[in-house]
Amino acid sequence: MSTNGQIAPLDASRLTIQRAETLKPIPPPGTYGYGDIKTDHMLVMSFDPETGWSPPEIKPYGPFSIDPASNCLQYCTSTFEGLKASMNPAGKPVLFRPEANMARLSSSAARMALPPFDEAALLACIIKLVALESRWIPTDSGHSLYIRPTMIGTKPSIRVGASDHALLYVIVCPVGPYFPTPPGAILHARSVSLLAVSEHVCSWPGGTGGYKLGLNYSLGFSPQLAAVKLGYDHLLWLLPHGQNEFITEAGAMNFFAVYEKEDGALTVVTPPLDGTILPGITRLSALAEVAARTIQETLTSYPEQLTVSSECRRQLTIAELRAEHAAGTLRECFGVGTAVNVVGIDRIGFTSLNAGESSIKVVDSVKPTTGKGLGVVGRALWDKLLDVKEGRDNVEGWGVVCE
Ligand SMILES: *Cc1c(COP(=O)(O)O)cnc(C)c1O
């Protein structure tokens, strides 16, 4: 505790940098999986209820030592963020709306009753880390540097309750496309298939789906493995609601559907942030683009009739998707998120549990008329968001350069 009895806030001006003695060789793009390779350094700070935040440190990447009774190991007080750095045309690292990631980490930490931190101070330290690791930023198309801020509860006690100790750290990985593509393939031509499930749910009203908590993901690992066995890339999470099943998210991506109405108008629909949906920054940006209709300018062939009605953010049921598909009006489905940018969904399988059997049987599937890859709306969003993320376009001021 300081002499005036105050605990220390997170203070970026106290950042220390200890450089690695030897730097790792950078593997060529295409030779590593998503998140397997870590860079030379990491950013670490800790919170102690007596003294507050430690001075942040950038130091060589390496393992931690924590008490086996730590709250995060026992009760999953673990929350994270994901953002990417790319090189802009001037050769400087650029981040996409990083303040939004800091705000979301704060909100996730609060949900887990972890101590608060100064968002601007954390971002200032992350910018220093990215600048130091900039030699790791791949310039190949579809590759970038993935930044993973993580906050865990480290109270060294198995007593069930909030952790008043925390570790906040940031690690960095060079990554390629989340869903691997063959060498030379056009990235946005890769689409994914989803298996819709409702016998397992990943979020529910009053639950934690609106926060990036580690425990939201591990509950999906076993159904995800089952979906892969059936030949699907990922899951479409449904939430039973009375007689209906709401579509929530596509794996760890926000879900969008595009319908073509009788007059030829295209309607873009995505579920609202009702607490079961992760408030994705890509989702928010995509909605802003759709609303501003700027995506029309990025595609010369863009249909004039794109209408975005107030129904853009509303509950979507699986029955509705099937009806639109049967009527031939389901034009596109796609998922959005930092990891993928925008990815087309070319097939959604529906399942029913066989009575008396635990195995899943696929009974039907929906195929958006776009088929493989992205349709016009998904493609326009892909182009626009990638231009911003790679620093070619900063009309909205979404890009933050790391210097
Ligand atoms: C991270 C995440 C997203 C995408 O959020 P972005 O901010 O766009 O990266 C969507 N859904 C889930 C469940 C997520 O964890």
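**Helix packing, domains and empty space in a predicted model**

Let me begin with a pair of helices: α6, which covers residues 281–292, packs with α9 at an angle of about 115°, and the two axes are 11 Å apart. I should say at once that this is a predicted model, and that what follows should be heard with that in mind. The reason for quoting those two values together is that a pair of packed helices is described by the angle between the axes and by the distance between them. As for handedness, α6 and α9 make a right-handed crossing. On the α6 side the contact is made by T282, S285, A286, E289 and V290, and on the α9 side by L381, K384, L385 and K389. If we sort the residues of this contact by class, we have 4 nonpolar, 2 polar and 3 charged.

Now let me step back to the domains. The domain assignment of the protein chain gives domain 1 as residues 12–176 and domain 2 as residues 192–389. Their centres, taken over C-alpha atoms, are separated by 29 Å, and the contact between the two takes 20 residues from domain 1 and 19 residues from domain 2.

That brings me to the pockets. Where does the largest pocket lie with respect to the two domains? Both domain 1 and domain 2 give residues to its lining, so the largest pocket lies between them. Its volume is about 1,200 Å³, and of the 46 residues in its lining, those closest to the centre are F80, R148, Y178, Y217 and A252. By class, the lining of the largest pocket divides into 23 nonpolar, 17 polar and 6 charged residues.

The second largest pocket holds about 300 Å³ of space. It has 15 lining residues, and G30, H143, P177, T181 and P182 are the ones nearest its centre. For those of you who think about side-chain chemistry, the lining of the second largest pocket has 8 nonpolar and 7 polar residues, and no charged residues.

Let me turn from pockets to cavities, where, with a cut-off of 30 Å³ or more, the count comes to 2. The largest cavity contains about 400 Å³ of space. Of the 28 residues that line the largest cavity, K84, T338, A339, V340 and N341 are the closest to its centre. Which elements give two or more residues to that lining? They are β6 (83–87), β7 (93–96), β16 (341–353) and α9 (376–389), and α9 is the helix that we met at the start, packed with α6. The lining of the largest cavity divides into 14 nonpolar, 10 polar and 4 charged residues. This cavity, too, takes lining residues from both domain 1 and domain 2, and it therefore lies between them.

The second largest cavity has about 40 Å³ of space, and here I can name the lining in full: E332, C333, F334, G344, I345, T370, G371, G373, L374 and G375. The elements that give two or more residues to this lining are β15, at 330–337, and β16, and β15 gives the most, with 3 residues. By class, the lining of the second largest cavity has 4 nonpolar, 5 polar and 1 charged.

To close with the point I would like you to keep: in this predicted model, the largest pocket lies between domain 1 and domain 2 because both give residues to its lining, and the largest cavity lies between them on the strength of that kind of evidence.

Definitions and conventions
Residues numbered from 1 in each chain as written. Predicted model: local features only at pLDDT ≥ 70, side-chain atom pairs only at ≥ 80, totals over all residues. Heavy atoms only, no water. 1 Å grid on protein atoms, 1.4 Å probe; cavity = no way out; pocket = protein on both sides within 12 Å on 5 of 7 lines; lining within 4 Å. Points joined across faces, edges and corners; volume = space filled by probe spheres on them. Helix = DSSP H or I, 4+ residues; strand = E, 2+ residues; numbered from the N terminus. Nonpolar A, V, L, I, M, F, W, Y, C, P; charged D, E, K, R; others polar. Domains from an automatic or database assignment. Axes fitted to C-alpha atoms, helices over the stretch in contact; angles between N-to-C directions. Left-handed = near helix turned anticlockwise from the far one by under 90°. Contact = heavy atoms within 4.5 Å.
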